[in-house]
Amino acid sequence: MNIVKIASLGIASLAILATTANAGILENVKKAGVLKCGVSTGTPGFSAPDSSGAWKGIDVDFCKSVAAAVLGDSSKVKYIPLTAKERFVALASGEIDVLSRNSTWTATRDTSLGVTFAGINYYDGQGFLVSKKLGVKSAKELDGATFCIQSGTTTELNLTDYFKANKMDYKAVTYDTSGQTADGLKKGRCDALTSDASQLAGIRSKMPNPNDYVMLPEIISKEPLGPVVRQNDDKWFNIVKWTMYATLQAEESGVTKANVDSKMKSNDPQVQRLLGVTGKAGVNLGLDNAWAYRIVKQVGNYGESYAATVGKNSPLAIPRGINALWNNGGLMYPMPIR
Ligand SMILES: N[C@@H](CCC(=O)N[C@@H](CS)C(=O)NCC(=O)O)C(=O)O
């Protein structure tokens, strides 16, 4: 055996050892036959139960996509509602397998909580929702205002920063859940609500009279939202990360829930690799090659999910904006599956 062969054998056995050591979450999920997915307690468009109690939203679709890829069935999900304060502890302690709950990727969270962000499924930013009778047209007119705000969110620090930078003062009334926060505004406990703009759109749509409230034009922060996993399990991290990219690649390649079966016969090499007709993307993930086929067949591609949950076919009707694909003026850029 020559040196090159010995060296490559060494690397291969190291890789096997690493794989065995990291088998944790995938094996546990398979054994349990269900994915424990951490969601919000109710954020319209992202994760919220509908009138029949079924969870709906773009983050819920992501839970379903992971379940379709890993367990072969998008319905094999146990949704675990978590407040902003509870979410990262629930993930780090193993109470959930993945967190899919409008969570902003920040350096502090990524490096000090034992968790790792696996991608971005929605680029957001913090905005303001005020009652119309306040008569303000800009956040700069909110000096001295009282805000309803949710604890354990990035919202708190952003608000402090913004008011400090603009030499203004504010008072805060803090709540644990989004429902309580919205209720605070409805009952006049505060003049304004501040949160991720997408959530404000959802909250406004659920108000008894949405036209009593207006969104102000300022967006004061970057809020890249995405799924999060526990640290130290790269195999699971890869599955969650590439599930995200598969949904985006399907949109980019024009593969939809309706046409995925006929796309199995596509001559496009990218589509063939995505759907596992060629290559071994799924096998390399520790799954099987039909993982992405199942995601699209059972849940749909990213664009389909966006339209149904937060986009044009939903009550929120949020335009794609920066959440469009990169080749359509947006920031969504799936890493190549090859
Ligand atoms: N993206 C921000 C805010 C996320 C957040 O939790 N927002 C609240 C404000 S509406 C929410 O979704 N609440 C839903 C709930 O209470 O379950 C973060 O990661 O801190």
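This passage walks through the ligand site and the disulfides of a predicted model.

Where does the ligand lie? Domain 1, made up of residues 3-123 and 225-318, gives residues to the shell around the ligand, and so does domain 2, residues 126-220, so the ligand lies between the two. The space it takes up is also the largest cavity.

The shell itself is made of 21 residues, and among these T41, N102, T104, Q150 and D196 come nearest to the ligand. Sorted by class, the shell turns out to hold 14 polar residues, along with four charged and three nonpolar ones.

A few polar contacts can be picked out one by one. At T41, one of the residues that come nearest, the contact runs through the backbone: an N or O atom there lies 2.5 Å from an oxygen atom of the ligand. With R101, it is the side chain that takes part, placing an N or O atom 2.8 Å from a ligand oxygen. T43 also uses its side chain, with a polar atom 3.2 Å from an oxygen atom of the ligand. As for how much of the ligand is covered, on its own it has 500 Å² of accessible area, and the protein covers 99% of that.

Turning to the cysteines, how many disulfides does the structure hold? There are two. One of them links C37 with C63, at an S to S distance of 2.0 Å. The torsion about this S-S bond, between C37 and C63, comes out at about -75°, and the disulfide is therefore left-handed.

Notes:
Residues numbered from 1 in each chain as written. Predicted model: local features only at pLDDT ≥ 70, side-chain atom pairs only at ≥ 80, totals over all residues. Heavy atoms only, no water. Near = heavy atom within 4 Å. Polar contact = N/O pair within 3.5 Å; in protein donor to acceptor, adjacent residues only side chain to side chain. Areas by Shrake-Rupley, 256 points an atom, 1.4 Å probe, with all protein chains shown as cover. 1 Å grid on protein atoms, 1.4 Å probe; cavity = no way out; pocket = protein on both sides within 12 Å on 5 of 7 lines; lining within 4 Å. Sits in = over half its atoms within 2 Å of the grid points. Nonpolar A, V, L, I, M, F, W, Y, C, P; charged D, E, K, R; others polar. Domains from an automatic or database assignment. Disulfide = S-S within 2.5 Å.
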